[in-house]
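Here is a brisk report on one model, for a reader with a viewer open. Follow the side chains first, then the rings, then the pocket.

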Amino acid sequence: MATKTTGAEFKAFYADEEVWTNGAWHEDSIITIDGKAVDFDYDDMAEISDTATIRLTGGVFHETEEDRDGVSFETVLRRWLKKRDFI
């Protein structure tokens, strides 16, 4: 199941220091921007339009460099979006 968001929310998610602490990282996710699969690199973040439609599928989020098990990257994004909706 994919998680859908906007370019503005996606950029805010990546900028949130509460998410990306202790060397957090992710792998094995499929990210599409406006329907096109991309080989996503954080350095390309500025090129994403705030109104773009972002779909994140799969992936594993590792909270620290030593965390080898990780959790679903989609779950991390969905929880962040839900928390943001309540603030």
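The side chains of Thr-3 and Arg-78 make a polar contact at 3.0 Å. A polar contact here is a pair of N or O atoms within 3.5 Å; within protein, one must be able to donate a hydrogen and the other to accept it, and residues adjacent in sequence count only if both atoms are side-chain atoms. The model is predicted: local features need pLDDT of at least 70, side-chain atom pairs count only at pLDDT 80 or more, and totals for chains, interfaces and linings use all residues. Residues are numbered from 1 along each chain as its sequence is written, and side-chain values use heavy atoms, with hydrogens and water left out.

**Strand E1**

Thr-3 lies in strand E1. Helices (H or I, at least four residues) and strands (E, at least two) are DSSP runs, numbered from the N terminus. Thr-3 is buried, at 6% relative accessibility. Buried means under 20% relative accessible area, exposed over 50%, and partly exposed in between (1.4 Å probe, protein chains only). Leaving out residues up to four places away in sequence, Thr-3 touches Ile-54, Arg-55, Leu-56, Glu-74, Leu-77, Arg-78 and Leu-81. Contact means heavy atoms within 4.5 Å.

Thr-5 sits in strand E1 too, which spans residues 2-6. Thr-5 is buried at 5% relative accessibility. Its side chain makes a polar contact of 2.5 Å with the side chain of Glu-9. With residues up to four places away in sequence set aside, Thr-5 touches Phe-10, Ala-52, Thr-53, Ile-54, Leu-77 and Leu-81.

**Two further sites**

Ala-8 belongs to helix H1. At 33% relative accessibility, Ala-8 is partly exposed. Beyond its neighbours within four places in sequence, Ala-8 contacts Ser-49 and Asp-50. The C-alpha atoms of Ala-8 and Thr-53 are 9.4 Å apart, with their positions 45 residues apart along the chain.

Met-45 is in the loop between E3 and E4. Met-45 is buried, at 8% relative accessibility. Not counting residues up to four places away in sequence, Met-45 touches Phe-10, Lys-11, Tyr-14 and Phe-40. Its C-alpha atom is 8.9 Å from that of Tyr-14, a residue 31 places away along the chain.

**Aromatic rings**

Which residues form one aromatic cluster? They are Phe-10, Phe-13, Tyr-14, Trp-20, Phe-40, Phe-61, Phe-73 and Trp-80. Rings of Phe, Tyr and Trp (its six-membered ring) pair if their centres lie within 6.5 Å; planes under 30 degrees apart count as stacked, over 60 as edge-to-face and the rest as tilted. The count comes to 11 aromatic pairs. The rings of Trp-20 and Phe-73 are edge-to-face, because their centres are 6.2 Å apart and their planes stand at 70 degrees. Trp-20 is in the loop between H1 and E2 and Phe-73 in helix H2, so this pair ties together parts 53 residues apart in sequence.

Phe-73 is buried, with a relative accessible area of 0%. The rings of Phe-61 and Phe-73 have centres 6.1 Å apart and planes at 5 degrees, so this pair is stacked. The pair links distant parts of the chain: Phe-61 is in strand E4 (residues 53-62) and Phe-73 in helix H2, 12 residues apart. Phe-61 is buried, at 6% relative accessible area.

**Positive phi**

Most residues other than glycine have a negative phi. Two exposed loop residues have positive values.

| Residue | Phi | Loop | Relative accessible area |
|---|---|---|---|
| Asn-22 | about 50 degrees | between helix H1 (7-15) and strand E2 (25-33) | 57%, exposed |
| Asp-34 | near 50 degrees | between E2 and strand E3 (36-38) | 52%, exposed |

**The largest pocket**

The largest pocket has a volume of about 350 Å³. Of its 15 lining residues, Glu-18, Val-19, Phe-61, Val-76 and Trp-80 are the closest to its centre. A pocket is an open set of points on a 1 Å grid over the protein atoms alone, where a 1.4 Å probe fits, with protein on both sides within 12 Å along at least five of seven lines; lining residues have an atom within 4 Å of a point. Grid points are joined across faces, edges and corners, and the volume is the space filled by probe spheres set on the points.

Helix H2 (residues 73-86) gives the largest share of the lining, 5 residues. The lining divides into 6 nonpolar, 2 polar and 7 charged residues. Ala, Val, Leu, Ile, Met, Phe, Trp, Tyr, Cys and Pro count as nonpolar, Asp, Glu, Lys and Arg as charged, and the others, Gly among them, as polar.
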